[in-house]
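Here's a quick tour of the spaces inside a protein model, plus a look at one of its helices. Have the structure open as you read.

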Amino acid sequence: MDLAKIRAEYPILDRKIYNRPLVYLDNTATSQTPREVVDSIVSGYTRTKANVHRGVHTLSMEATELQEGARRRVREFINAPSTEEIIFTRGTTEAINLVAASYGGAFFKDGDEIILSVMEHHSNIVPWQLLQQRIDLKIRVIPIREDGSLDMDVYRSLFNERTRFVSVCHASNVLGTVNPVGEIVAEAHAHGVPVLIDGAQAAPHLKIDVQEIGADFYAFSAHKMYGPAGVGVLFGRREMLEKMPPYQGGGEMIESVSFEKTTYAELPYKFEAGTPDFIGIAALHKAIDYMESIGIDNIAAHEHDLLEYTTARMLAEIPGLKIFGTAPGKCAIISFLVDGEHHYDMGMLLDKLGIAVRTGHHCAQPLMTALGIDGTVRASFAVYNTREECDLFLSALKRVSDMLR
Ligand code: PLP
């Protein structure tokens, strides 16, 4: 991999923060966007902007083709059986809300149970809790082991005749743990229970094959995979999507409307009410091309190298450091604390030295509670990060840690 060439595609990486070179290690929250993806957004606004699916004129047909081309690309990217099973959303959050409201709202009854894990992002907890306002729904929680891996024995023990759904992340945004999603799905299906996988942290780093995983639903966000904000994908198995009611009503999702009776459009449009972010969707296409041109395995191997290098040096050089999440094969995310030092203070001081890390609960408060902490500092890597940046991070961390001690 030619890192200098890769970095040259990201103008933001040339920024100085407090007169120091920016070291961007907040990739789990959002990754930066290369010029070719930005160019596609500019071209969408300057050359092809027209509303999709509504026009016979050239621009509208071009815009429609860009959107539908992106759908075909996403299908291929995750090896979904058909484009009808690819629904564009605003992101992972909206995708999960769609499934909770539509599937859960239609098929859950009082007394039913669903299974989540303790490491879920709030976006895979709160949508299910919203259902609890109407349905007496019990949420059962898979705990983690010491290293941050899911306790699969407990998982297996949580099923009973009232279990109706399982929803877990493919990779944790705090611990980096990559969950055994195939095994999770197989167990649920053995009980006749459908599964949603939140792939927000997996899609940027792992090759996704939804047929191999076997999940009924799979969700991810473009902005974490070098793409634009405000665009995401919900894959849903046709059999599930067909029996689900629409999530939102409006234009695009209907077949015919009258005040007496409205019928809905075919898949996937039944779930795509209103004008989508068709320019962002086309940019997601470019982001996928970008990732695959480098090779997802190459991206993952590079990030893994940075993870191992930085982890080893942090543990050796920073006294009192504790890392949360040490499961084998984890993603390139390091969540940590240093004895007696507050994560917020560390993040603030690191920023003054040009280092962008995230601090706080990372939208995973139940996990923080389970770990007995209120937050961590989190450094996470992407394709454009370098060992030199890891060195800058480590020396800044030493300085900050000494200062706070
Ligand atoms: N799920 C996980 C595991 C995440 O890390 C995130 C974002 O950090 C989300 C869901 C929510 O993604 P979005 O805000 O793009 O909808």
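## The cavity

How much space lies in the largest cavity? About 60 Å³, going by this predicted model. A search of the whole structure turns up 1 cavity of 30 Å³ or more.

Its walls are made by N27, T28, S31, Q201, P204, H205, K224, Y226, E303, S380, F381 and A382. Sort that lining by type and you get 4 nonpolar, 6 polar and 2 charged residues.

## The pocket

Now for the open space. The largest pocket has a volume of about 350 Å³, and 23 residues line it. Want to find its centre on screen? Head for H121, N173, Q201, K224 and C363, which lie nearest to it.

By type, the pocket lining splits into 6 nonpolar, 12 polar and 5 charged residues. Two names may ring a bell: Q201 and K224 are in the pocket lining and also line the largest cavity.

## Helix 11

E303, one of the cavity-lining residues, sits in helix 11, which runs over residues 296–317. This helix has 22 residues and spans 31 Å from first C-alpha to last, close to the 32 Å expected at 1.5 Å a residue.

Which residues of helix 11 are buried? They are I296, I299, H302, E303, L306, L307, Y309, T310, T311 and M314. An α-helix has 3.6 residues a turn, so residues three or four places apart point the same way.

The cover over those buried residues includes helix 1 (3–8), helix 3 (58–77), helix 10 (278–294) and helix 14 (387–404), along with strand 13 (321–324) and strand 14 (333–338).

Methods
Residues numbered from 1 in each chain as written. Predicted model: local features only at pLDDT ≥ 70, side-chain atom pairs only at ≥ 80, totals over all residues. Heavy atoms only, no water. 1 Å grid on protein atoms, 1.4 Å probe; cavity = no way out; pocket = protein on both sides within 12 Å on 5 of 7 lines; lining within 4 Å. Points joined across faces, edges and corners; volume = space filled by probe spheres on them. Nonpolar A, V, L, I, M, F, W, Y, C, P; charged D, E, K, R; others polar. Helix = DSSP H or I, 4+ residues; strand = E, 2+ residues; numbered from the N terminus. Expected span 1.5 Å × (residues − 1). Buried < 20%, exposed > 50% of the residue type's maximum accessible area, 1.4 Å probe, protein only. Contact = heavy atoms within 4.5 Å.
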